[in-house]
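User: I would like to learn how to read the features of a protein model. Could you take me through one, step by step?

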Amino acid sequence: MVNTKVELCGIELDNPVIPASGTFGFGYEFAELYDINCLGTFSFKGTTKEPRFGNPTPRIAECESGMINAVGLQNPGVEAVINEELPKLKKCFSKPVMANVSGFSVEEYAYTCELLDAQEQVGWLEVNVSCPNVHGGGMSFGTSPEAAAQVTKAVKAVTKKPVIIKLSPNVTDIVSIAKACEQAGADGVSLINTLLGMRIDLKTRKPVIANKMGGFSGAAIKPVALRMVYQVSEAVDIPIVGMGGISNVRDVVEMIMAGATAVEIGAANLVNPYACKEIIEQLPEVMEQYGIKNLNEIKGCAHNG
């Protein structure tokens, strides 16, 4: 028998598979399709202090081996998430959930994280300093080590649960930002968020999405994500949640070999809502195929070559 369990910031997961924020809603929508308790956990929809309608439409564009989105952090605001969304989730998900938080100032990040930290259902706070499709926030905090560290310190000062900082790939040196977050007290990092991309409509001769640019995700970005996880893994001692282009069970194993403790799966959920369930079911068979008894034994093994 193989062991699929992993430990993320002191909390044990039955397996390393985590649906990524923005692709799994608040969970109960997918619970209508299958028992979501099979998941390691999931990262719920990015939450801000105030409600957000998001960006104007159109805000989704398909492209080769992926998609571009500029949804713009549409969410009902932290108070509605606590009072309405989490009670619905509790009826169908019995494990700790990962709360994904965004903000437009350091104070907003701290305010929202403090409220969510107090919720019994929340196991981790995933602090998104890397959203590429909102103006005046998100990625602006994740493009410099100093700004990312400032957010990390502010959140850690008002929380008790593990804080995982979600990093942007739209930078020259992601390693320096990861190290700054670790030094500021982060309990983990997750990477990568979407790359910045765009599409142009040949008929209208204008960008396809109203925001002009948005987050590019899907299978095409996996080599970039893998490289960045590998680089960050060599530089920090805190756990890494790897993501970016993961669409099958072998991608999961590959990401762990690069140095990830767990993985998040995003765009694949939008193509196949059963993607995570199927990957979890296939994981033991693939582990046996490659002689892997425990996922911890292969974590970061690519660094030994």
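**Reading a predicted model**

Analyst: Start with a single residue: Lys-212 has a relative accessible area of 52%, so Lys-212 is exposed. Keep in mind throughout that this model is predicted. Lys-212 sits in the loop between strand E12 (206–207) and E13. Its phi is near 70°, a positive value in a residue other than glycine.

User: Which other residue, found in the loop between E4 and E5, should I look at?

Analyst: Ser-65 is found in that loop. The phi of Ser-65 is near 55°, again positive in a residue other than glycine.

User: Is Leu-89 buried or exposed?

Analyst: Buried means under 20% relative accessible area. Leu-89 has 2%, and therefore counts as buried. Leu-89 belongs to helix H2. Leaving out residues up to four places away in sequence, Leu-89 touches Phe-26, Gly-27, Tyr-28, Ile-36, Phe-42, Val-97 and Gln-121.

User: And what does Lys-88 count as?

Analyst: Lys-88 counts as partly exposed, because its relative accessibility is 41%. Lys-88 is also placed in helix H2, which covers residues 78–90.

User: How should I read distance along the chain against distance in space?

Analyst: Take two pairs. Lys-88 and Phe-26 are 62 residues apart along the chain, and their C-alpha atoms are separated by 8.6 Å. Leu-89 and Lys-153 are 64 residues apart along the chain, and their C-alpha atoms are separated by 29 Å.

User: Now the sheets. How do strands pair in general?

Analyst: Strands of a sheet pair through backbone hydrogen bonds, either parallel or antiparallel. In this structure, one open sheet has four strands in the order E4-E5-E13-E10, with antiparallel pairing. Its edge strands are E4 (60–63) and E10 (195–197), each of which pairs on one side only. Neighbouring strands of this sheet are turned by 35° against each other on average, direction ignored.

User: How many bridges join E4 and E5?

Analyst: Four bridges join E4 to strand E5 (residues 66–69), in the antiparallel sense. Within this pairing, Cys-63 stands opposite Gly-66 in E5. Moving across the sheet, E5 pairs with strand E13 (residues 214–217) over three bridges, in the antiparallel sense. There Met-67 is opposite Ser-217 in E13. E10 and E13 also make an antiparallel pair, over three bridges, and Gly-197 faces Gly-214 in E13 as its opposite residue.

User: What is the strand order of the open sheet with parallel pairing?

Analyst: That open sheet has seven strands in the order E3-E15-E14-E9-E8-E7-E6. Strands E3 (17–19) and E6 (97–101) are at its edges, and each pairs on one side only. The twist from one strand to the next averages 25°. E6 pairs in the parallel sense with strand E7 (residues 122–128) over five bridges, and Val-101 stands opposite Val-127 in E7. Helix H6 (residues 222–235) lies across strand E9 (188–191) and strand E14 (240–243), and runs at about 165° to E14.

User: How is a pair of packed helices described?

Analyst: Two packed helices are described by the angle between their axes and the distance between the axes. Here, helix H4 (residues 145–156) and helix H5 (residues 174–183) pack at an angle of about 30°, with axes 8 Å apart. Angles under 35 degrees count as roughly parallel, and H4 and H5 are therefore roughly parallel to each other. Their crossing is right-handed.

User: Which residues make the contact of H4 and H5?

Analyst: From H4 they are Pro-145, Ala-148, Ala-149 and Thr-152, and from H5 they are Ser-176, Ile-177, Ala-180 and Cys-181. This contact divides into six nonpolar, two polar and no charged residues.

User: At what angle do H3 and H4 pack?

Analyst: Helix H3 (residues 106–117) packs with H4 at about 35°, and the axes are 9 Å apart. The crossing of H3 and H4 is right-handed. Val-106, Tyr-109, Ala-110 and Cys-113 of H3 meet Gln-150, Val-151, Ala-154 and Val-155 of H4. By class, this contact has seven nonpolar, one polar and no charged residues.

User: Last, where are the cis peptide bonds with Thr-57 and Leu-191?

Analyst: One runs from Thr-57 to Pro-58, with omega near -5°, and Pro-58 is in the loop between helix H1 (28–31) and E4. Another joins Leu-191 and Ile-192, with omega about 10°, and Ile-192 is in the loop between E9 and E10.

Note on methods: Residues are numbered from 1 along each chain as its sequence is written. This is a predicted model: local features need pLDDT of at least 70, side-chain atom pairs count only at pLDDT 80 or more; totals for chains, interfaces and linings use all residues. Side-chain values use heavy atoms; hydrogens and water are left out. Two strands pair if DSSP finds at least two bridges between them. Helices (H or I, at least four residues) and strands (E, at least two) are DSSP runs, numbered from the N terminus. Axes are lines fitted to C-alpha atoms, for helices over the stretch in contact, and angles run from 0 to 180 degrees between N-to-C directions. Angles under 35 degrees count as roughly parallel, over 145 as roughly antiparallel, 65 to 115 as roughly perpendicular and the rest as oblique. A crossing is left-handed if the near helix is turned anticlockwise from the far one by less than a right angle, and right-handed if clockwise. Contact means heavy atoms within 4.5 Å. Ala, Val, Leu, Ile, Met, Phe, Trp, Tyr, Cys and Pro count as nonpolar, Asp, Glu, Lys and Arg as charged, and the others, Gly among them, as polar. Buried means under 20% relative accessible area, exposed over 50%, partly exposed in between (1.4 Å probe, protein chains only).
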